[in-house]
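Please work through the following exercises with the sequence and the coordinates side by side, trying each task before reading its solution.

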Amino acid sequence: MKMKQPACAAMLGASAIALISALTIPSAPAVAAAAQIRIDADDIGGTVTGANGPEAGVWVIAETRDLPTKYVKIVVTDDAGRYVIPDLPKATYDIWVRGYGLVDSPKVKSQPGKMLDLKAVPAPSRAAAAAYYPGIYWYSMLHIPDVKLFPGTGPQGNGMPITLKDQGQWLRYAKTDGCIHCHQLGDLATRTIPAQLGHFNTGAEAWERRIQSGQAGRGMVDAIGLFDTGRQLQLLGDWTDRVAKGDLPKSDPARPSGIERNIVVTEWDWNTPTAYVHDGISTDKRNPHVNANGLIYGSTEASTEYLPWVDPVHNKSGVLKTTYRDANTPTTKTDPSLAPSPYWGDEPIWDTHTNVHNPMFDEKGRLWLTARIRANNTQPAFCKAGSNHPSAKAYPKNTSNRQTEVFDPKTGKITMIDLCFNTHHLNFDDNDVLWFSAGGPYDVIGWLDVKKWDATHDDAASQGWSPFVIDTNGNGKRDDGWTGINQPLDPAKDKQIMGAPYGINTAPDGSVYGSILGFPGGVIRFDPKTQLSEYYEVPYKNPKNPMSGFSPRGMGISSDGVVWLALASGHAASFDRRLCKGPLNGPRAADAQNVCPEGWKLYPLPGPAFENLPAGTIGGTAEAPYAMWVDQQDTLGFGKNTPIATASQSDALEALVNGKWIVMRVPYPMSYYAKGMDGRIDDASASWKGRGLFSTYSERAPTHIEGGKGQTSKVVHFQIRPNPLAS
């Protein structure tokens, strides 16, 4: 099936028959520029020129299917329009030019060791140019309800749900914690309506049908239920109706400049067209030399229990089958579909028992996974009341939705480990203790002592868990008899809160930090020694901190313990506990809004704002970052402790370097969307060639990727060379 293409998108194909030849006789200045380009036998280099001379800051793309898996490498031209695509495997490549203000040039066949000059093709109209813009430029056209409609007063008032007390809550769901935590919005697939859905009188009707499609339908319907459903359907319908009529974004993206032109992007296809990837891993995040040149693995969440891998040295891909223990373990294949998919019809394309969410390497090169190995209600007796397990004595657990397993590449064996608590993301501390987040509202944090498990293979003795308890009586220890989650504060007792980190990281002092979803959300700190917690709320309209943001998702941490979070308000946020001025325990510790507001700093991410919001509106940028990662060991080349955000709407990762955002755009295929990343050093002696950052191209709908049905997820490698011509 093919989606109906709007006129502006059809020009993507029209560019291939442009009358201007891609391979031209270079002018005298171009000949001089080419003389300065040096290539090796595995490089392709040349000059890109346009109607007005050299084309600076445009991408040159090389793609081949000659290798075991599809391979793409992308570079940016320098000020003189020159380029070098370095270190290409032996193959025949399609080479073409893509850039803002252009349409794709015709593809030209070439091989490594060749010089190839290219002619850029100017866009014949702004509509043709805008077809290449990242989704954020189109999504910024969506109208947001006026601030006067908040707080919601229900059907007898303004129609808004009473739960929506602030425009920021609407923005939270319109961005990171709504549709965009699964896929980009504003790309071609989402700003148009597939013809296969049928005929509708209004855009709102089309959207009502669209969100019921396939096995993800229930989740999409639940997500729109967080809004005033009718109003949001109308707004989405109005948006796509205006796009269909030819309305265009009000702003245009800038071409890469400065160090952004030094970026080299390499892509490998993996997985299948029906499965998606949540995220991936290439190394031990504590030591980027682990698994040098080794396989990269992905986690496939609800789509399949066959995990994809890529061999970046030999350009191969394959799968690893995960396993489960209990025959009654549920499978996503039986998840109900509310309506047929416009791509797959009634076919249940998702089928997994293990539902693997997150992978992590240890120092031995083993792969650890959060995976479902049994049914939720088949909890071991040692987890429950009456057990002698220390954690069960303090706080018994009757169910757990996902456990863990470990794959040893040396033996090819997967071992399942039963856990008493929910698992979602996982992270090692410096003592080889594996810490788990739950991914949403939950009452405990859990851990596995891997050293003890390696020595004993005793699941029960190697694990523990703890409720989140604040030291509100101020005596420095966790006392028995704390007040429960729904009980009022008693200054004489400690206070239990609902913690449940989404992202999770360990700090140099041994404490564990997690991002807390919600509005405005925050960050929680757990001290393994005292088993006490601290909770710090993101400053939102807080008079003690003029910066205002909301709703974290993924997070990272620096080597000096500064926590970095991705916020739905369109910010990266840092929280530094060392900046706290007041006491962190006692009765005031339960007042999260006023506990260390001075510890927060917010950094607005690049990108256009929603067009109908006044300048300076909280959360006005249409960016919706999913995750943050901190490059503690300078694996990419921007310096140690560089925070990097997934710019989910912008086809990019964005690095904060000396207070300025560096945009690392992936221009092809469009709709790049990452949920995580890590840096690896394959050869410390090879300068920039021996290091880089790996991410996955991981939205839930591979059919949304440029090219449509048949596309698969990808591994993406970012490298920073010293200049655009380095080979």
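The exercises below go from strand pairing to nonpolar cores, aromatic rings and a single loop residue.

The model is predicted, so local features need pLDDT of at least 70 and side-chain atom pairs count only at pLDDT 80 or more, while totals for chains, interfaces and linings use all residues. Residues are numbered from 1 along each chain as its sequence is written, and side-chain values use heavy atoms, with hydrogens and water left out.

**Exercise 1.** Determine in what order the eight strands of the open sheet follow one another, and which strands stand at its edges.

Solution. Strands here are DSSP runs (E, at least two residues; helices are H or I, at least four), numbered from the N terminus, and two strands pair if DSSP finds at least two bridges between them. Applying this gives the order β8-β6-β3-β4-β12-β40-β39-β38, with antiparallel pairing. At the edges stand β8 (108-110) and β38 (677-681), each of which has a single partner strand, so one side of each lacks a neighbour in the sheet. Within the sheet, β4 (residues 71-76) and β12 (residues 263-269) are joined antiparallel by four bridges, and Y71 has W268 as its bridge partner in β12.

**Exercise 2.** Describe the surroundings of strand β28 (residues 522-527), beginning with how many of its residues are buried.

Solution. With buried meaning under 20% relative accessible area (exposed is over 50%, partly exposed in between, for a 1.4 Å probe and protein chains only), six of the six residues of β28 are buried. G522, I524 and F526 point one way from the strand, and V523, R525 and D527 point the other way. On the β27 (residues 512-516) side, five bridges make an antiparallel pair with β28, in which G514 stands opposite I524; these two strands form a hairpin with five residues between them, and G518 in the turn has a positive phi of about 130°. With β29 (residues 532-537), β28 pairs antiparallel over six bridges, G522 standing opposite E537, and the resulting hairpin has four residues between its strands, with Q531 in the turn at a positive phi of about 55°.

**Exercise 3.** Find how many residues the largest nonpolar core has, and which helix contributes the largest share.

Solution. A nonpolar core is a set of buried Ala, Val, Leu, Ile, Met, Phe, Trp, Tyr and Cys residues joined through side-chain atoms within 4.5 Å. The largest one has 76 residues, and Y139, W170, I644, L653, M664 and F718 have the most contacts inside it. Helix α9 (residues 229-244) supplies the largest share, five residues. Apart from this core lies another of 36 residues, including Y297 and F361.

**Exercise 4.** Classify the ring pair of W170 and F227 as stacked, tilted or edge-to-face.

Solution. Rings of Phe, Tyr and Trp (its six-membered ring) pair if their centres lie within 6.5 Å; planes under 30 degrees apart count as stacked, over 60 as edge-to-face and the rest as tilted. By this rule there are 32 aromatic pairs. The centres of W170 and F227 are 4.8 Å apart and their planes stand at 70°, so this pair is edge-to-face.

**Exercise 5.** Is N358 buried or exposed, and which side chain does it join in a polar contact?

Solution. N358 is placed in the loop between β16 (316-321) and β17 (359-361). Its relative accessibility is 5%, so N358 counts as buried. A polar contact (a pair of N or O atoms within 3.5 Å; within protein, one must be able to donate a hydrogen and the other to accept it, and residues adjacent in sequence count only if both atoms are side-chain atoms) joins the side chains of N358 and D279 at 2.7 Å.
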